[in-house]
Amino acid sequence: MSKMRVVQVPHPDGPFELVEREIPEPDSGWVRIKVQACGICHSDSITKQGAFPDIQYPRVPGHEVVGIIDAVGPGVAGWAAGQRVGVGWNGDYCGYCVDCRRGNFFACQVAGKVTGVSYDGGYAEYMVAPVRALALVPEELSAVEAGPLMCAGLTTFNALRNSGARPGDVVAVLGVGGLGHLGVQFAAKMGFKTVAVARGSDKEPLARQLGAWHYIDSQTQDASAELQKMGGASVILATVTSGDAMSALQGGLAVRGTMILLGAAESMEVSPLLLLMGSRSVKGWYSGTSIDSQDTLAFSVMSGVRSMNEVFPLERAAEAYERMMSGKARFRVVLTTGN
Ligand SMILES: [Zn+2]
Ligand SMILES: [Zn+2]
């Protein structure tokens with residue numbers, strides 16, 4: 001039996017360990033993927049820290065996976081060895097529960113799984129995944145390019161395309177980091193009047209280069225007032241993890257405007273009066289399922305949207321993870337296996 005290298009977390013809050021394991025065989029309905037690249041996402045901290053109940057350790061994190069199918073389990077239709085695929089956050093669903101039957105596969109209560117949390121993910125040379133989690137990766141994208149689009153890209157793209165904003169509407173993206181630098185690009189390419197909002201002036205040139213029509217420095221300007229001068233934002237895509245920053249920007253919403261929360265802040269304050277007087281709303285957005293990932297990749301090829309990445313080899317996963325968690329990475333961090 002041949003071996004593979006994986007980077008595992010031995011227990012909650014444990015260190016990353018580079019270990020050898022047997023290469024797994026795919027079960028019925030699953031495939032084996034020879035992993036080429038895996039992005040590091042802030043949500044990998046759930047596995048690292050044990051933030052979800054019932055995580056079984058040791059666990060291999062990673063849900064921005066790109067690789068080649070190299071073995072197919074029994075009963076698999078529609079997928080074959082040699083296809084290039086990606087696996088994102090949504091790791092599986094049952095297809096028959098009430099939520100699945102209503103098309104809300106992401107909310108499956110029966111077999112809902114998260115890649116790299118419920119089963120081993122992509123910090124590895126090989127992984128196995130159910131076919132329901134697979135997205136086709138177009139050949140125009142390198143594995144490193146496609147990786148971060150599987151979660152950070154998907155989340156921003158899918159939230160924006162389902163936001164109800166129309167071409168020409170003011171859409172503000174709060175934060176120009178790992179999520180925000182993709183959100184600005186997608187919003188601009190979708191034809192929204194894209195306004196980037198961030199602290200300080202240093203991110204303005206980059207935001208404009210990414211396609212922002214306007215930039216607001218929230219340290220020196222009243223960002224809500226600035227948005228109102230433009231008629232208010234139909235959508236504010238909140239990509240930061242600061243509840244205070246989210247709260248401070250709700251006054252920038254247009255009548256019927258929506259703030260979509262993507263950053264997992266602990267809490268935020270909302271003004272019920274502000275919401276009800278203008279039929280405004282604050283909502284969250286679940287990233288998406290595998291077909292949404294596939295749409296994200298296709299749109300990115302078509303429009304030229306790309307993540308800006310720092311690349312590390314698999315064996316330096318611990319250092320790469322710290323780099324991401326420090327907030328200093330510009331802007332996503334991706335592991336490569338050499339495959
Ligand atoms: Zn993620
Ligand atoms: Zn279900």
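**Zinc coordination and overall architecture**

In the predicted model, the zinc ion (ligand 2) is bound by the protein donors Cys94 (SG), Cys97 (SG), Cys100 (SG) and Cys108 (SG), at 2.3 to 2.4 Å; donors are N, O and S atoms within 2.8 Å of the metal (3.2 Å for Na, K and Ca), and water is not among the atoms. The arrangement is tetrahedral because the four donor atoms subtend angles of 105 to 116° around the zinc ion (ligand 2), the criterion for four donors being that all angles lie between 85 and 135 degrees. Along the chain, the donors of this ion are spaced as C-x2-C-x2-C-x7-C. Cysteine 97 and cysteine 100 are both buried (under 20% relative accessible area, with exposed meaning over 50% and partly exposed in between; 1.4 Å probe, protein chains only).

Residues are numbered from 1 along each chain as its sequence is written, and ligands are numbered from 1 in the order in which they are written. Local features need pLDDT of at least 70, and side-chain atom pairs count only at pLDDT 80 or more, while side-chain values use heavy atoms, without hydrogens and water.

The protein comprises 10 helices and 17 strands, assigned as DSSP runs (helices H or I, at least four residues; strands E, at least two). Its radius of gyration, 20 Å, is close to the 20 Å that the globule rule gives for 339 residues, so the protein is as compact as a globular protein of that length; the radius is taken over C-alpha atoms, and the rule is 2.2 Å times the number of residues to the power 0.38. Of the 339 residues, 54% are buried.

Leucine 276, in helix 8 (residues 272-277), counts as exposed because its relative accessibility is 57%.

Technical notes: Tetrahedral: all angles 85-135°; square planar, octahedral: opposite > 155°, others 65-115°.
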